[in-house]
Amino acid sequence: EEQGRCITFMAKWHADHFGGGLHFNHSLWRGDESAFYDPGQPDARSAVYRNWIGGVMATMRGAQSFSFPNVNSYRRIVELAGAPTTVTWGSDNKTTAMRAMSQSPGSARAELRIPGADSNPYLVMAATLAGGLIGLQERLDPPPSFDGMAWGLPPEEGVQLARSITTAAD
């Protein structure tokens, strides 16, 4: 305050500046071994990991209100401005809503990149874990991995995240 500044956890406090995000990195372990890692697969992703991704992707739009809890939260979803705008996932792709990494057993994890700085991390975690568990229970396959730039995709090329709190609630 003495320096003429203020701290905020608003997702997008100014139209000319990047918004603030909360990236939720998560993994699943069986004892000392990563349940997400399988060196026998070409991408080193286990069936558990694929089903986990499938569940998180299938529930992402329904759980979006946890990642964007306020009217202001939706100001952060702007094409080509850093925050994911589509329901996509990709191998180490920072433009997608979920970034999948499986280079080694210790680094095999998923990073949910859509939540804003104004989200409650505990609710984001609960919704993401619930989606992953649904994927495991129903053995959901994920949609194809997205390898290009997911920012700015036209609606006909990808499922868009809701752009308003009322659309997300619907």
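## A four-stranded sheet, its helices and a nonpolar core

Let's start with the sheet: four strands form an open sheet with mixed pairing, in the order E1-E6-E5-E4. Its edges are strand E1 (24–26) and strand E4 (89–91), each of which pairs on one side only. From one strand to the next, the twist averages 20°. Do keep in mind that this is a predicted model.

**Strand pairing**
- E4 runs parallel to its partner, strand E5 (residues 98–101), and the two are joined over 3 bridges.
- Within E5, Ala-100 is the residue that stands opposite Ser-91.

**Helices on the sheet**
- Helix H1 (residues 47–59) packs on the sheet, where it touches E1, E4, E5 and strand E6 (109–112).
- The direction of H1 makes about 175° with that of E5.
- Helix H3 (residues 121–138) also packs on the sheet, touching E1 and E6.
- Here the direction of H3 makes about 45° with that of E1.

**The nonpolar core**
- The largest nonpolar core has 27 residues.
- Ile-53, Met-57, Met-60, Met-98 and Ile-114 are the residues with the most contacts inside this core.
- Two or more residues come from each of H1, E5 and E6.
- H1 gives the most to this core, with 6 residues.

**A look around Ile-114**
- Beyond its neighbours within four places in sequence, Ile-114 is in contact with Met-60, Ser-67, Phe-68, Arg-76, Pro-84, Ala-97 and Leu-161.
- One of these contacts, Met-60, is listed along with Ile-114 among the residues with the most contacts inside the core.

Conventions. Residues numbered from 1 in each chain as written. Predicted model: local features only at pLDDT ≥ 70, side-chain atom pairs only at ≥ 80, totals over all residues. Heavy atoms only, no water. Pairing = 2+ DSSP bridges. Axes fitted to C-alpha atoms, helices over the stretch in contact; angles between N-to-C directions. Contact = heavy atoms within 4.5 Å. Core = buried A, V, L, I, M, F, W, Y, C linked by side-chain atoms within 4.5 Å. Buried < 20%, exposed > 50% of the residue type's maximum accessible area, 1.4 Å probe, protein only.
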